[in-house]
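Take a look at the model below. This report covers two topics: a sheet and some salt bridges.

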Amino acid sequence: MRILILAADEIRDATRVGRTYRFSIESPELSAFREIRFTAVTPITFASESKTVTAEGKLIGAPTVAEGRWADLLQHANYPRSATTIEPAELALTVGKLACLRYTVRERKDSADWVSRIYFARSLPGAPVKIETEKAASG
């Protein structure tokens, strides 16, 4: 059994044309931003444009266009129940302190154990406000 975060209509109702997500990407190899902007919104479907840019705004790779149904979008946040714990958390971000639900997901991928912490703000239906993924400590 898997855990779904929100209902499709909650995300749809919170999303208008122009809504933009900007995710900071920090790793040893890259420091950049991933931007996703909704370009069309209907009761059943959406369209979006995505791009990755450097801190200076220089485009990395080509922008991409996506179209889909709101129900399909939920699959990005579909976690295995047996590998997931959920607990309340408060997160301090540049927008202020947010009451969140923290999903801690432990999975084995590519012959390694990984831990992801995904923070969903209770007041902001849609994408998580923060995702941290790291290789699990061995032993």
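Is Asp72 buried, partly exposed or exposed? Asp72 counts as partly exposed, because its relative accessibility is 40% and the partly exposed class runs between 20% and 50%. Keep in mind that this is a predicted model.

**A charged pair**

Asp72 has a partner. Its side chain meets that of Arg69 in a salt bridge, with 3.4 Å from N to O. Arg69 is partly exposed too, at a relative accessible area of 43%. What lies behind such a pair? Side chains of opposite charge can pair when their charged atoms come close. Here the cut-off is 4 Å between the nitrogen and the carboxyl oxygen. The 3.4 Å between Arg69 and Asp72 is within that cut-off of 4 Å, so the pair counts as a salt bridge. By this rule, the count for the model comes to 11 salt bridges.

**A network**

Some salt bridges link up. Arg117, Lys130, Glu132 and Glu134 are joined in a network of them. Two pairs belong to this part of the story. Arg117 meets Glu134, and Lys130 meets Glu132. The table sets these beside the pair from above.

| Salt bridge | N to O |
|---|---|
| Arg69 and Asp72 | 3.4 Å |
| Arg117 and Glu134 | 3.0 Å |
| Lys130 and Glu132 | 3.3 Å |

Where do Arg117 and Glu134 sit? Arg117 lies in strand S9 (residues 112-121), and Glu134 lies in strand S10 (residues 130-135). The pair therefore ties together parts that are 17 residues apart in sequence.

How open are the network's residues to the surroundings? Glu134 is partly exposed, with a relative accessible area of 40%. Lys130 counts as partly exposed at 30%. Glu132 is partly exposed as well, at 25%. That value puts Glu132 in the partly exposed class, because buried means under 20%.

**The sheet**

Now turn to the strands. How are they ordered in the open sheet? The sheet has 4 strands in the order S2-S3-S4-S5, and their pairing is antiparallel. Strand S2 (20-26) and strand S5 (59-69) are the edge strands, and each pairs on one side only. On average, neighbouring strands of this sheet are turned by 20 degrees against each other, direction ignored.

What holds such strands side by side? Strands of a sheet pair through backbone hydrogen bonds, either parallel or antiparallel.

Look at one pairing. S2 and strand S3 (residues 31-41) run antiparallel, and 7 bridges join them. Which residue is the bridge partner of Phe23 in S3? The partner is Arg34.

Key: Residues are numbered from 1 along each chain as its sequence is written. This is a predicted model: local features need pLDDT of at least 70, side-chain atom pairs count only at pLDDT 80 or more; totals for chains, interfaces and linings use all residues. Side-chain values use heavy atoms; hydrogens and water are left out. Two strands pair if DSSP finds at least two bridges between them. Helices (H or I, at least four residues) and strands (E, at least two) are DSSP runs, numbered from the N terminus. Axes are lines fitted to C-alpha atoms, for helices over the stretch in contact, and angles run from 0 to 180 degrees between N-to-C directions. Buried means under 20% relative accessible area, exposed over 50%, partly exposed in between (1.4 Å probe, protein chains only).
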